[in-house]
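Let's take a walk through this one, strand by strand. Have the chain open in your viewer and follow along.

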Amino acid sequence: NMDAVVNIQAHPYTGYRFKEWTSNTGAGLANPEQSATTFTMPASNATLTGNFEPDPGQRFPLSMLANPPQGGTANDLSAAAPYMAEDQISIQAVPNPGYTFSGWTPQGGGTIASAGSPSTTFTMPAAEASLTAAFTPINYTISLSALPATTYGSVSGATGTIHVNQQRQLSATPLPGHRFVQWQGDAQYLDNPLSPQAILTMPPANVSLQALFEVDPNQSFPL
């Protein structure tokens, strides 16, 4: 009814505080800056809006995580935690050698501007939150060969793809009348380039290795 006095009250959520009341009529509010006040009805329908804003007295922590941890780092470039609700935070994911960035995932709420971009922004929720940068290992290959030819010996251990820092045992087997000399090529990644049974620790790149054989002067055969 016109001139009826209505009691109104606004209740802010966690992380926010009441700012003011507004009315589409522009009048009728006893005290627009009070969350609990009264409104006098005009001679028409009216719409009241309770306006809220982030509360600077309430701040929340943000954790930055990497999955897997060895895949890279997740960085809060703003470096101003704890944050208020709706703060815009600059974030960056940096993959380690042998990995690629594959996406951001928030926990606890909030919004990521571009989840597939390593450098983007995060809108803080009104709660504790964490961000996880996911990394994917790159597939690499091992190329093995026998020198000076396969008539001197054989090599094995290069099956399938491999990831950075994974290990693979390589074998060089000489044919009768020959002997193994050493591994050549990317031999710096082997535990012992002079051993026919060597352990390869994979670098962030494809690897090429050659097993060098020679005629064994200590072996003689009857004619």
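**Strands, faces and rings**

Start at a single pairing: Ile-112 has Phe-122 of β10 as its bridge partner. Keep in mind as you look around that this is a predicted model. Ile-112 belongs to the short strand β9, residues 111–112, which runs antiparallel to β10 and is joined to it by two bridges. To get from β9 to β10, the chain goes through a hairpin of six residues.

Now look at β10 itself. In general, side chains in a regular strand take turns between the two faces of the sheet. Strand β10, residues 119–123, shows that alternation: Thr-120 and Phe-122 point to one face and are buried, while Ser-119, Thr-121 and Thr-123 point to the other face and are not buried. Strand β10 also pairs with β7 (residues 88–95), again antiparallel, this time through five bridges. Within that pairing, Ser-90 has Thr-121 of β10 as its bridge partner.

Next, find the open sheet of three strands with the order β5-β11-β8 and mixed pairing. The edges belong to β5 (62–67) and β8 (99–107); each has a single partner strand, so one side of each has no neighbour in the sheet. From one strand to the next, the twist averages 20°. As a general point, strands of a sheet pair through backbone hydrogen bonds, either parallel or antiparallel. Here β5 and β11 (residues 129–137) go for the parallel sense, over six bridges. If you want a spot to zoom in on, try Met-64, whose bridge partner in β11 is Leu-131.

There's another open sheet of three strands to visit, with mixed pairing and the order β12-β17-β15. Which strands stand at its edges? They are β12 (142–147) and β15 (178–185): each has a single partner strand, so one side of each is left without a neighbour in the sheet. Neighbouring strands here are turned against each other by 20° on average, direction ignored. Strand β15 runs antiparallel to β17 (residues 207–215), and seven bridges hold that pairing. Along it, Gln-182 sits opposite Leu-212 in β17.

While you're there, turn on the aromatic side chains. The structure holds six aromatic pairs. In one of them, the ring centres of Phe-180 and Phe-213 are 6.1 Å apart and the planes meet at 75°; since an angle over 60 degrees counts as edge-to-face, that is what this pair is, edge-to-face. The pair links distant parts of the chain, with Phe-180 in β15 and Phe-213 in β17, 33 residues apart. Both Phe-180 and Phe-213 are buried.

Elsewhere, ring pairs tie Phe-18, Trp-21 and Phe-52 into a cluster. Trp-21 makes a handy bridge to our last stop, since it's among the residues that Thr-37 touches. Thr-37 lies in strand β3, residues 36–40. Is Thr-37 buried or exposed? Its relative accessible area is 11%, and the limit for buried is under 20%, so Thr-37 counts as buried. Leaving out residues up to four places away in sequence, Thr-37 touches Val-6, Asn-7, Ile-8, Trp-21, Ala-30 and Asn-31. With Asn-31 there's a polar side to the story too: a polar atom of the Thr-37 side chain lies 3.1 Å from the backbone nitrogen of Asn-31.

Technical notes
Residues are numbered from 1 along each chain as its sequence is written. This is a predicted model: local features need pLDDT of at least 70, side-chain atom pairs count only at pLDDT 80 or more; totals for chains, interfaces and linings use all residues. Side-chain values use heavy atoms; hydrogens and water are left out. Two strands pair if DSSP finds at least two bridges between them. Helices (H or I, at least four residues) and strands (E, at least two) are DSSP runs, numbered from the N terminus. Axes are lines fitted to C-alpha atoms, for helices over the stretch in contact, and angles run from 0 to 180 degrees between N-to-C directions. Buried means under 20% relative accessible area, exposed over 50%, partly exposed in between (1.4 Å probe, protein chains only). A polar contact is a pair of N or O atoms within 3.5 Å; within protein, one must be able to donate a hydrogen and the other to accept it, and residues adjacent in sequence count only if both atoms are side-chain atoms. Contact means heavy atoms within 4.5 Å. Rings of Phe, Tyr and Trp (its six-membered ring) pair if their centres lie within 6.5 Å; planes under 30 degrees apart count as stacked, over 60 as edge-to-face and the rest as tilted.
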